[in-house]
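Here's a short tour of one protein chain. Have a look at the picture first, and then we'll go through it piece by piece.

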Amino acid sequence: MAPALLILLWATVILKADLLPDKKSLLLPPTNFTITVIGLAQVLLHWEPNPDQEPKNVELGYHVRINVPQEEDYETRNTESKLVTVLHQGFSASVQTILWDGHSLLPSDWVSAELKAPPGSPGTSIVNLTCTTNTVFNNSNPLRPYQVSLHCTWLVGKDAPEDTQYFLYYRYGSMTEECQEYRKDTLKRNIACWFPRTFISSRGSDSLAVQVKGSSKHTIIKPFDQLFALHEIDRINPPENVTAVIEGSGLSIQWKKPVSAFPIHCFEYEVKIYNTRKNYFQTEKITTNAFISIIDDISKYSIQVRAAVSSVCRQTGFWSEWSQPLHVGNDDQKPFTEWFLIVLMATICFILLIFSLICKIGHLWNRLFPPVPAPKSSIKDFFVIVNSEKTVSSETEIEVISYVEEPGFETLEDSVF
């Protein structure tokens with residue numbers, strides 16, 4: 001039993017020794033790792049393979065980790081890497097050696113480098129930086145029929161001195177420009193910028209880097225930079241030449257694609273049809289530049305169309321503004337029920353008018369020919385009307401006396417007399 005245990009223990013020791021990595025097979029960390037600013041919001045990471053790395057015939061790769069301003073990991077076989085990133089918060093990264101064609105060897109230790117945040121007083125940099133782009137026709141250059149404008153706005157830092165002045169720059173690709181057209185606040189500080197023409201590609205996918213620096217006699221103004229994805233800030237133009245025709249119960253709508261470098265198949269549309277008589281909206285999403293709808297021909301319609309670049313050609317962005325309302329149809333015609341109500345009301349009004357006239361005529365007749373009052377008496381207002389009708393004869397003269405009583409006093413008269 002004892003010899004068997006000794007043999008098993010010996011085999012375990014030999015196996016563990018075989019599993020221990022050879023010193024010549026360990027991966028060593030890169031050397032001369034540096035971070036260099038090569039443009040506005042752009043850095044170059046560079047390193048070199050460890051010269052003591054053994055064996056020489058293995059295929060090495062590198063694992064890069066961005067620590068600041070936000071964590072990001074990726075792998076590469078190159079010994080340098082360009083990154084577009086904001087730098088006003090500083091920048092820090094690390095790199096280690098890995099085996100590219102397998103993971104039989106553990107990665108090396110990390111090596112790190114960093115860029116310090118630029119100097120500046122807290123609260124002096126701008127806030128709420130927003131930018132938008134828009135495409136227009138470029139008639140002056142047939143080789144580049146479309147040009148992109150850029151408009152940016154911001155707010156002054158809460159602790160910036162009154163004499164602070166800001167200056168905006170943008171970079172797209174390898175081109176960098178400084179703003180020349182500013183809008184100012186009441187203290188003459190720049191708070192908005194306008195580039196009527198830029199180097200930005202209207203169909204591009206690169207990030208737009210914008211930086212705003214500042215100056216003051218009283219303190220150092222901290223710079224601020226921000227990255228924008230073009231699809232998130234591009235303000236698409238509305239569709240053009242919207243037309244609509246009603247034929248019977250069919251409404252046919254057509255339009256042209258917006259002013260854009262994107263071809264016609266890159267757009268999707270929304271059509272909004274508003275029935276003004278019924279106060280009803282109908283909205284349809286389509287991918288063609290024509291739409292047909294069944295309607296009633298006794299209403300008036302307001303039609304609008306808007307557009308967006310679809311995911312077929314780039315990441316989905318925002319919808320354009322609605323086109324100007326186009327009005328078609330005729331709401332003067334009334335359906336049978338409405339005509340019936342109108343005729344019924346007119347008839348009722350006519351009958352009331354005739355009845356009123358009859359009443360007025362009857363009242364006038366009573367005035368012209370009043371009824372003869374019946375004889376009545378009254379105690380308080382009793383009076384005697386003497387109507388002397390004298391009949392003259394040869395022998396006698398007869399006097400006739402008539403008594404007329406006031407209305408409403410018959411009961412009292414009977415009780416007295």
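Let's start with Asn-138, which is buried, its relative accessible area being 10%. You'll find Asn-138 in the loop that runs between strand E8 (127-137) and strand E9 (146-155). Keep in mind that this is a predicted model.

What does the side chain of Asn-138 reach at 3.1 Å? The partner is the backbone oxygen of Arg-144. Leaving aside residues up to four places away in sequence, Asn-138 touches Arg-144, Pro-145, Tyr-146 and Gln-147.

Now hop over to Ser-260, in the loop between strand E17 (250-256) and strand E18 (267-275). Is Ser-260 buried or exposed? With a relative accessibility of 6%, Ser-260 counts as buried, because the cut-off for buried is under 20%. A polar atom of the Ser-260 side chain lies 3.1 Å from the backbone nitrogen of Phe-262. Again skipping residues up to four places away in sequence, Ser-260 touches Thr-135, Tyr-146 and Phe-267. Tyr-146 is a name you've met already, as it is also on the list of residues that Asn-138 touches.

For a contrast, try Phe-350, which sits in helix H3 (residues 336-368). Phe-350 has a relative accessible area of 53%, so it counts as exposed, the cut-off there being over 50%. Phe-350 also helps make a nonpolar surface patch of about 580 Å², together with Ile-351, Leu-353, Ile-354, Leu-357 and Ile-358.

Here are the three residues side by side:

| Residue | Relative accessible area | State |
|---|---|---|
| Asn-138 | 10% | buried |
| Ser-260 | 6% | buried |
| Phe-350 | 53% | exposed |

Time to zoom out. The chain has 4 helices and 26 strands, and 33% of its 417 residues count as buried. Take the contacts between residues at least 6 apart in sequence: 61% of them join residues at least 24 apart. As for the outside, the accessible surface comes to about 26900 Å², and 58% of that belongs to carbon and sulfur atoms.

How far can you trust the picture? The average pLDDT of the chain is 83, and 77% of the residues score at least 70. Two stretches call for care. Over residues 13-24, pLDDT stays under 50, and the model has 3 contacts beyond four places in sequence for them. Residues 377-417 also stay under 50, with 45 such contacts in the model. Where pLDDT is low, don't read the predicted coordinates in detail.

Technical notes. Residues are numbered from 1 along each chain as its sequence is written. This is a predicted model: local features need pLDDT of at least 70, side-chain atom pairs count only at pLDDT 80 or more; totals for chains, interfaces and linings use all residues. Side-chain values use heavy atoms; hydrogens and water are left out. Helices (H or I, at least four residues) and strands (E, at least two) are DSSP runs, numbered from the N terminus. Buried means under 20% relative accessible area, exposed over 50%, partly exposed in between (1.4 Å probe, protein chains only). A polar contact is a pair of N or O atoms within 3.5 Å; within protein, one must be able to donate a hydrogen and the other to accept it, and residues adjacent in sequence count only if both atoms are side-chain atoms. Contact means heavy atoms within 4.5 Å. Patches are made of residues with over 30% relative accessible area and no salt bridge: like charges are joined within 9 Å, nonpolar side chains (Val, Leu, Ile, Met, Phe, Trp, Tyr) within 5 Å. Accessible areas come from the Shrake-Rupley method with a 1.4 Å probe; for residues, only the protein chains shown count as cover. A salt bridge is a side-chain nitrogen of Lys or Arg within 4 Å of a carboxyl oxygen of Asp or Glu. pLDDT is the predictor's confidence in each residue, from 0 to 100.
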